[in-house]
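Student: I am new to this structure and would like to learn how to read it. Could you walk me through it?

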Amino acid sequence: CGTFNGDAELKFIVQWISASLAGRNVVYHTFYHPTLSNKIQDFAHFSHSNNISTQQLYDALMHLSSRYGVEDSANLSEDQRQHEHYPETLSELRDILEHTAEQQHTDSQERI
């Protein structure tokens, strides 16, 4: 899909956040891409297991977007988009969420 410069992981996250805010379930088809399907299932399991809220996911996505800059991807030519290496969106979001949880745990220990 060409949306979001072809980043299917980002497309999934945006749709998941939107559906969550609307109180709807997501049925996401990866159309014969088992690697993407596994990544999404793993990320969903991680999110549910760690009680990640929609707000936390949105905040992590905003943090990730600040690393790359929207203007950078918007100015890519079609040829560059086809050959550009996109970030591992789900992996990077998971890292951000884990770091945030660790920081919150550390902060709560310091208050005792």
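**Charged pairs, a core and a helix**

Tutor: Gladly, and let us begin with a charged pair: Glu-9 and Lys-39 form a salt bridge, with their closest N and O atoms 2.9 Å apart. Since Glu-9 belongs to helix H1 and Lys-39 to helix H2, the pair ties together parts that are 30 residues apart in sequence. Keep in mind that this is a predicted model.

Student: How many salt bridges does the structure hold?

Tutor: There are 3 salt bridges. Lys-39 takes part in another one, with Glu-88, where the closest N and O atoms are 2.6 Å apart. Here Lys-39 is in helix H2 and Glu-88 in the loop between helix H5 (78-83) and H6, so this pair ties together parts that are 49 residues apart in sequence.

Student: Are Glu-9, Lys-39 and Glu-88 buried or exposed?

Tutor: The cut-off for buried is under 20% relative accessible area. Glu-9 has 7% relative accessibility, so Glu-9 counts as buried. Lys-39, at 28%, counts as partly exposed, and Glu-88 is partly exposed with 34%.

Student: Which residues form the salt bridge within helix H6?

Tutor: The general idea first: an α-helix has 3.6 residues a turn, so residues three or four places apart point the same way. In this structure, Glu-98 and Arg-94 both lie in helix H6, 4 residues apart, which is about one turn of the helix. Their side chains meet in a salt bridge of 3.2 Å, N to O. Glu-98 is partly exposed at 31% relative accessibility, and Arg-94 is partly exposed with a relative accessible area of 33%.

Student: Which residues do salt bridges with shared partners join into one network?

Tutor: That network consists of Glu-9, Lys-39 and Glu-88.

Student: Where is Asp-7, and what is the nearest side chain of opposite charge?

Tutor: Asp-7 sits in the segment before H1. The nearest side chain of opposite charge is Lys-39, 8.2 Å away, and Asp-7 is buried yet has no salt bridge. Look at its polar neighbours instead: the side chains of Asp-7 and Thr-89 are joined by a polar contact of 2.7 Å. A polar atom of the Asp-7 side chain also lies 3.1 Å from the backbone nitrogen of Glu-9.

Student: And how should I read the nonpolar part?

Tutor: In soluble globular proteins, nonpolar side chains tend to be buried together. In this model, the largest nonpolar core has 18 residues, of which Ile-13, Trp-16, Phe-43, Leu-57, Leu-93 and Leu-97 touch the most other members. Helices H1 (8-21), H2 (34-49), H3 (54-68) and H6 (89-110) each supply at least two residues of this core. H2 gives the largest share, 5 residues.

Student: What does Phe-43 touch, leaving aside residues up to four places away in sequence?

Tutor: Phe-43 touches Ile-13, Trp-16, Leu-57, Leu-90, Leu-93, Arg-94 and Leu-97. Phe-43 is also one of the buried residues in H2, along with Leu-36, Ser-37, Ile-40, Ala-44, Phe-46 and Ser-47.

Student: What span should the 16 residues of H2 have?

Tutor: At 1.5 Å a residue, H2 should span 22 Å, and its end C-alpha atoms are 22 Å apart, which agrees. Just after H2, look for Asn-51, which takes a positive phi of about 50°.

Definitions and conventions:
Residues numbered from 1 in each chain as written. Predicted model: local features only at pLDDT ≥ 70, side-chain atom pairs only at ≥ 80, totals over all residues. Heavy atoms only, no water. Core = buried A, V, L, I, M, F, W, Y, C linked by side-chain atoms within 4.5 Å. Buried < 20%, exposed > 50% of the residue type's maximum accessible area, 1.4 Å probe, protein only. Contact = heavy atoms within 4.5 Å. Lys, Arg positive; Asp, Glu negative; His and termini not counted. Salt bridge = Lys/Arg side-chain N within 4 Å of Asp/Glu carboxyl O. Polar contact = N/O pair within 3.5 Å; in protein donor to acceptor, adjacent residues only side chain to side chain. Expected span 1.5 Å × (residues − 1).
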